[in-house]
Each structure stands twice: as C-alpha cells, then as structure tokens.
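Please look over the sequence and the structure shown here before reading on. The briefing then takes up a few topics in turn, grouped under short headings.

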Amino acid sequence: FSPCSDYPGLCEIIDWNASNGTLVANVSHFTTYTAIDPTITSCGETLDTPGLVYTLNQSINSTGTCLNVQANYITIDCGGKNITHTGAGSGINVNGYNSTTIKNCKIFGQQVDSNHGIHLSSSSNNTLINNTANSNRIGIILENSPYNNIINNSANTNRDYGVYLSGSDYNTLRNNTANTHIGESVLTAGIYLSDSDNNTVT
C-alpha cells in the first residue's frame with residue numbers, strides 16, 4: 001500500500017492493515033494525502049499509481065486485455081488468483097512503462113491470434129516471477145524489451161510459444177517451464193528468441 005508514492009521524503013508508511021482499512025503514516029508537512037485502495041476486483045481497473053502494490057482478492061475475467069499497467073514502479077501480486085481472458089489482448093499488458101513486478105498470477109487465455117498471457121512492449125527492468133501463463137497463443141511475450149528478469153514461471157499448452165522474445169536483449173530467463181504447445185503455426189517452441197541478443201537462459 002503506497003499512498004505516499006507521490007510525496008517522496010514527505011510521507012512514510014508505518015502500517016497498513018487491509019482487514020480493517022487502517023493506515024498509519026508519518027508526514028513531515030501538512031497537506032492533503034490520498035489513500036488509494038490497491039485491491040483489484042475486476043478487469044479494466046486503472047493501474048497508474050507509481051510504487052503501489054496491487055493485489056487480487058478474487059479471480060477475474062475479461063474479453064480482451066484484462067489489466068493495463070499505466071505507470072512505472074508498479075507491482076501486481078495476484079496471490080494465486082486466476083486471470084482469464086478471451087479474444088485478442090493480454091492477461092496483463094505493460095507497454096512503455098518500466099520497473100513492473102508481476103508475481104503469483106495464474107493467467108489463462110484462448111489459443112487465438114494476438115492472445116497473450118503477459119505482454120511486455122518497449123519495457124525494461126521488469127520482474128515476472130512465479131506466474132502461470134497457460135492456454136494463450138503466447139504465454140509470455142517480450143517485444144523490444146531489454147533488461148528484464150523472467151523467473152520461475154510456467155507457460156504450458158499455449159498455441160505457439162511458451163516464452164517469446166522479439167528484439168529484446170540482455171534479459172535473464174531462469175527456472176521457467178514451457179511445454180506442450182499446440183503447433184498451429186509453422187514454428188512452435190517452448191522458449192523462442194528472435195533477433196534477441198545477450199540473453200541468459202538457464
């Protein structure tokens with residue numbers, strides 16, 4: 001919970017109790033501070049507060065993209081809840097923003113064109129950890145996105161690729177599982193790198 005993110009050095013969170021909605025903070029100046037509820041209850045919510053940790057309290061679903069990151073330094077913690085999305089779009093989309101953490105999400109899509117589990121585009125210094133991205137066209141896709149960490153994710157039973165990098169350099173992929181792809185395209189693979197250099201895959 002980060003209602004002080006717009007006031008660096010002026011506001012410090014001491015305690016946040018989500019069960020009863022109690023926030024304790026130290027402030028060094030008198031002004032107006034806004035407490036933002038970080039709980040995601042449905043697809044389409046605006047995720048645009050830098051430094052905030054957004055959490056899911058239930059499984060959610062959408063037609064098209066479910067969640068769009070619209071600021072730097074955002075964390076999405078699904079806590080093991082499901083994101084189900086159908087049609088063109090992504091379960092979670094990060095386009096042009098950096099330093100996002102996406103963790104503990106179970107994303108299920110549809111094996112049709114332009115359907116992706118997690119999509120990073122022109123985005124760097126992100127961490128994707130402990131996620132499941134199954135039954136999409138592509139489970140996890142990075143386009144023109146360098147310097148990201150993709151760790152301990154499962155991307156299985158997707159149509160074309162589990163993890164796909166295009167024009168994305170200097171990424172670290174560690175302990176990911178990508179199996180059993182349907183193969184409707186000419187080429188399918190668990191992890192596939194296209195025009196992507198200096199990546200580490202272990």
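Which residues have the most contacts inside the largest nonpolar core? In this predicted model, they are I40, I60, L67, I76, I83, I92 and I140, and the core that holds them has 31 residues. The points below describe that core, then an open sheet of strands, and finally a network of salt bridges.

**Nonpolar cores**

- Several strands each supply at least two residues of the largest core, namely β5 (53-56), β7 (67-69), β10 (89-95), β13 (115-121), β16 (138-143) and β18 (161-166).
- A second core, separate from that one, has 5 residues, and I141, Y161, Y164 and A189 are among them.
- If residues up to four places away in sequence are not counted, I92 touches L67, I76, I83, I102, C105, I107, G117, I118 and H119.
- As general background, nonpolar side chains tend to be buried together in soluble globular proteins.

**The open sheet**

- An open sheet is formed by 4 strands with parallel pairing, and their order is β6-β9-β12-β15.
- The edges of this sheet are β6 (60-63) and β15 (132-134), and because each has a single partner strand, one side of each is left without a neighbour in the sheet.
- On average, and with direction ignored, neighbouring strands of this sheet are turned by 15 degrees against each other.
- The parallel strands β6 and β9 (residues 82-86) are joined by 4 bridges, and in β9 the bridge partner of N61 is T84.

**Salt bridges**

- Side chains of opposite charge can pair when their charged atoms come close.
- The whole structure contains 3 salt bridges, and D113, R137, R159 and D160 are linked in a network of such bridges.
- D113 and R159 form a salt bridge in which the closest N and O atoms are 2.8 Å apart; since D113 lies in the loop between β12 (106-108) and β13, and R159 in the loop between β17 (149-151) and β18, this pair ties together parts that are 46 residues apart in sequence.
- A salt bridge also joins the side chains of D160 and R137, at 2.8 Å from N to O; here D160 lies in the loop between β17 and β18 and R137 in the loop between β15 and β16, so the pair ties together parts that are 23 residues apart in sequence.
- R159 and D160 form a salt bridge as well, with their closest N and O atoms 3.1 Å apart.
- Because buried means under 20% relative accessible area, R159 counts as buried at 10% and D160 at 1%, whereas R137, at 23%, is partly exposed.

Definitions and conventions: Residues are numbered from 1 along each chain as its sequence is written. This is a predicted model: local features need pLDDT of at least 70, side-chain atom pairs count only at pLDDT 80 or more; totals for chains, interfaces and linings use all residues. Side-chain values use heavy atoms; hydrogens and water are left out. A nonpolar core is a set of buried Ala, Val, Leu, Ile, Met, Phe, Trp, Tyr and Cys residues joined through side-chain atoms within 4.5 Å. Buried means under 20% relative accessible area, exposed over 50%, partly exposed in between (1.4 Å probe, protein chains only). Contact means heavy atoms within 4.5 Å. Two strands pair if DSSP finds at least two bridges between them. Axes are lines fitted to C-alpha atoms, for helices over the stretch in contact, and angles run from 0 to 180 degrees between N-to-C directions. A salt bridge is a side-chain nitrogen of Lys or Arg within 4 Å of a carboxyl oxygen of Asp or Glu.
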